[in-house]
Amino acid sequence: MTRALHYLDSVPDTRDPAEYLAALERLRWEKLQKQIRYVWGNKDYYRQRFQEAGVASPDDIKSLADFRRLPAFLDKARHRDSQDESLRRYGHPLGLHLTTAPENAIHLAATSGTTGTPTFYVFSRKDLELTYKVLGRMFKVAGIRPGDTTFHAFGLSLWLAGITYAQALEAYGARPVTVGAEGGVPKILRYIELTRPRALFATPSMANQLIERAPAEIGKPVGALGIEILYVTGEPGGSQPAFRRRVREHFGAKVFDATGGAWLNGTITCDAEHAHGMHYMAEDYCFRYDLVDPETKAPLEIRDGAVGEGIHTALEYEAAPAFRNATGDILRLSVGECPGCGHFGVRMEIIGRADDMLMVKGVKVYPAAIQKIVHHFQPRLSGELRIRLDAPPPSVTPPLRLAVEAGEGAPQSEWPELGKALEQRIRELLAFRPVVSVLPFGSLPRTGAKTRLIEVVAP
Ligand SMILES: [Zn+2]
């Protein structure tokens, strides 16, 4: 088997995890020395962050270890404040942390803004070209070829998987049909019939809608449309075994779950039955897993199995770059050969959010990690769950109480055994034993993808 990440010319083709990481460290430090000086030039924002951290000159940072000891310089809240202030001061929303002249910022993408004011990603021409390159690697992993017709059913409006992705597909040579989620399900199905795409780009919920509505809208199942590749992003769910099975069964397609794209970042799963984390496709342009302890913020050793909060630095980004950006994502790294596809490299998995962390008897526990285990019990469990606490997080007095739902039609006689099996699995994987109650199907309210998994229930 060959290595997935052939693009890393400057990293030796080794199969030794330590050697691989050491080579990446050298490459990153080489790029960082330039980027530190570049970002230092921004007096409105970044130089102030350096100075607050006690750095009087870029020469003070003499190694990657020095760099990793710096605090976070940016996060979502500071990003928004920086945009607001630049709008007031300079009449543009590109941020005080803009590191190029405003006229060099030729492209904008934004987060959806469902959780507050949208934050903008600003691209110079170089940033766009490198973004196309990183996204192109992801398209390649998904098996998309130049010359393919690709169908775009992601929302097109401003977000990264919209116009930015469509342009990256054009740069790659894979003709996007840009109907977009805005076109609506009937039009999407009709245009898929008209254009015969080989790959479909859609969120997991759009893919589910197409499966459900195709027979009524176009008189045939989605499996008759000839789609070979389903490329999903934008929502959780694309790595869930139940979703992957459903897509294979109905579309007859391989499924790839991607994240990122902003600030030269980008990860994608292989199409193995169980997604074994996200293959990291931007090693040479990003330091995404500069892991710190979510409580003390001290740097953690980067190795196979490491878990910590991801600090992201784009190593050669020009316009308003991520530079020690606290993502809030808790990552688990795997370094080595992927059990799913055999490729060698770094895979990462987002197992929670720093602000979601629970402490159970000194063990750090993330609701998303519990959710993932519950999802592996589908279809015997519905996948819905609630973590019920007596007092506000993070500290939990054991045992942690977990309510889950039986799957539709799962016989009630099996529930006690199912509950025990889940308790045992959580103990094995997360090092604490919860008390699980299995509830009838449909008894936990569905309030959409962002359902809070934690409920504080007064005793
Ligand atoms: Zn793989």
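Two strands pair if DSSP finds at least two bridges between them, and the strands themselves (E, at least two residues), like the helices (H or I, at least four), are DSSP runs numbered from the N terminus. The model is predicted, so local features need pLDDT of at least 70 and side-chain atom pairs count only at pLDDT 80 or more, while totals for chains, interfaces and linings use all residues. Residues are numbered from 1 along each chain as its sequence is written.

**Exercise 1. Work out the order and the edges of the open sheet that contains E18.**

Step 1. The open sheet has four strands in the order E19-E18-E16-E20, with mixed pairing.
Step 2. Strand E19 (435–439) and strand E20 (454–456) are the edge strands, since each pairs on one side only.
Step 3. Strand E18 (residues 401–406) runs parallel to E19, and five bridges join them; in this pairing Val404 stands opposite Val438 in E19.
Step 4. Helix H11 (residues 415–430) lies across E16, E18 and E19, whereas helix H10 (residues 367–375) lies across strand E16 (381–389), E18 and E20.

**Exercise 2. Trace the neighbours of strand E11 and decide whether its residues are mostly buried or exposed.**

Step 1. On one side, strand E10 (residues 286–292) pairs with E11 in the antiparallel sense over five bridges, and Asp290 has Ile311 in E11 as its bridge partner.
Step 2. Strand E12 (residues 325–337) also runs antiparallel to E11, to which five bridges join it, and here Ile311 stands opposite Ala326.
Step 3. Seven of the eight residues of E11 (residues 307–314) are buried, where buried means that 20 or more other C-beta atoms, placed from the backbone, lie within 10 Å of the residue's own.

**Exercise 3. Describe how helices H5 and H6 are placed against each other.**

Step 1. The axes, which are lines fitted to C-alpha atoms over the stretch in contact, come within 9 Å for H5 (residues 125–141) and H6 (residues 160–172) and cross at roughly 75°.
Step 2. The two helices are therefore roughly perpendicular to each other, a term that covers angles of 65 to 115 degrees.
Step 3. The residues that meet, with C-beta atoms placed from the backbone within 7 Å, include Leu135 and Phe139 in H5 and Ala168 and Leu169 in H6.

**Exercise 4. Find how many helices and strands the protein chain has, and what part of the chain is buried.**

Step 1. The secondary structure comes to 11 helices and 20 strands.
Step 2. Of the 459 residues in the protein chain, 45% are buried.

Technical notes. Axes are lines fitted to C-alpha atoms, for helices over the stretch in contact, and angles run from 0 to 180 degrees between N-to-C directions. Angles under 35 degrees count as roughly parallel, over 145 as roughly antiparallel, 65 to 115 as roughly perpendicular and the rest as oblique. Two residues are in contact if their C-beta atoms, placed from the backbone, lie within 7 Å. A residue is buried if 20 or more other C-beta atoms lie within 10 Å of its own, exposed if 12 or fewer, and partly exposed in between; C-beta atoms are placed from the backbone.
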